[in-house]
Amino acid sequence: MATKKHTASTTPVNKPEPPATLSEHPFFGLKMDKDQIAFRDAIWNPEKLIVFCDAKAGSGKTQIAVMTAELLYQYRLYDGIVYITAPVQEKQIGFLPGTAQEKMSVYNEPFYQAAIKANININQSVINEDDPATLKNGTGYIQLMSHNFLRGCNFENKVVIIDEAQNFTMAELRKTLTRIHDTCKVIVIGHHGQQDSAEKCTTSAFEKYIVHFSDLDWAAVCHLSKNYRGLISNHADSIEE
């Protein structure tokens, strides 16, 4: 299996020299524990095509994924970032006004919050939508998508973040992962204990795919066990159902 090395992507001009590791990088001022560092470093490792992270609520999984993805883009190792989520109330979304992007905004909120902390100015047309100014300027390097719209898509040389993966069924996660070329870096994050749809709780693909990829030398599996939101969040997450 060929792995992607830290070499130039097709993105033009002024490619900065990427560090071999992020151990000395300021990493947006984020203080991390050893498990979070291991997750970040697994994403940065060019030998790992795909990284899974099963992590508690409040563990920083989306934050670290977005920050590392942004650095991979800034160093021109990949051409952009694709953030994919699973809507768990499709019928309710269908009745909401607006475009598909506007309907999905509630599911993209974790990305927006992480983007702010990663110093991504989302007001400068970095979100790749069908906006004439964005298309003309070529500034839209971030795609925010639902798996519902992936059929027929091909992702090449992108950092693909699949968030809230515990809400994907087998068919949905298979469809998503089979859209992705080996020129991509894939980050699959979720919390196995927080399926948001009772219908999907028994059909979640997240844990099954972690096992499916766990023995491959070009894949990594990480775990984040500490919730940093505080007493309320931790105590709520610890209840037995």
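**Close-up 1. The buried side of helix α8.** In this predicted model, helix α8 runs over residues 206-213, and its buried residues are Phe-206, Tyr-209, Ile-210 and Phe-213. Why do these four count as one side of α8? They span an arc of only 105° around the axis, so they end up on the same side of the helix. That fits the usual helix geometry: with 3.6 residues a turn, residues three or four places apart point the same way.

**Close-up 2. What surrounds α8.** Look at the partners of the buried residues of α8: they pack against two helix and strand neighbours from earlier in the chain, β1 (50-55) and α7 (170-177), plus β5 (185-190) and β6 (219-224). Flip to the face turned away from the buried side, and you meet the exposed residues Val-211 and His-212.

**Close-up 3. The largest pocket.** This pocket has a volume of about 770 Å³. Its lining takes in 30 residues, with Gly-58, Gly-60, Thr-62, Pro-110 and Arg-229 nearest the centre. Helices α2 (61-74) and α5 (105-117) each put at least two residues into the lining, and α5 gives the most, with six. As for chemistry, the lining is a mix of 10 nonpolar, 12 polar and eight charged residues.

**Close-up 4. Asn-234 and Gly-58.** Asn-234 sits in helix α9, residues 231-237. Is Asn-234 buried, exposed or partly exposed? Its relative accessible area is 29%, so Asn-234 is partly exposed. Along the sequence, Asn-234 and Gly-58 are 176 residues apart, yet their C-alpha atoms are 8.5 Å apart in space. Gly-58 also turns up among the residues nearest the centre of the largest pocket.

Definitions and conventions:
Residues are numbered from 1 along each chain as its sequence is written. This is a predicted model: local features need pLDDT of at least 70, side-chain atom pairs count only at pLDDT 80 or more; totals for chains, interfaces and linings use all residues. Side-chain values use heavy atoms; hydrogens and water are left out. Buried means under 20% relative accessible area, exposed over 50%, partly exposed in between (1.4 Å probe, protein chains only). The arc is that of the directions from the helix axis to the C-beta atoms. Contact means heavy atoms within 4.5 Å. On a 1 Å grid over the protein atoms alone, a cavity is a set of points where a 1.4 Å probe fits but cannot get out, and a pocket is an open set with protein on both sides within 12 Å along at least five of seven lines; lining residues have an atom within 4 Å of a point. Grid points are joined across faces, edges and corners, and a volume is the space filled by probe spheres set on the points. Ala, Val, Leu, Ile, Met, Phe, Trp, Tyr, Cys and Pro count as nonpolar, Asp, Glu, Lys and Arg as charged, and the others, Gly among them, as polar.
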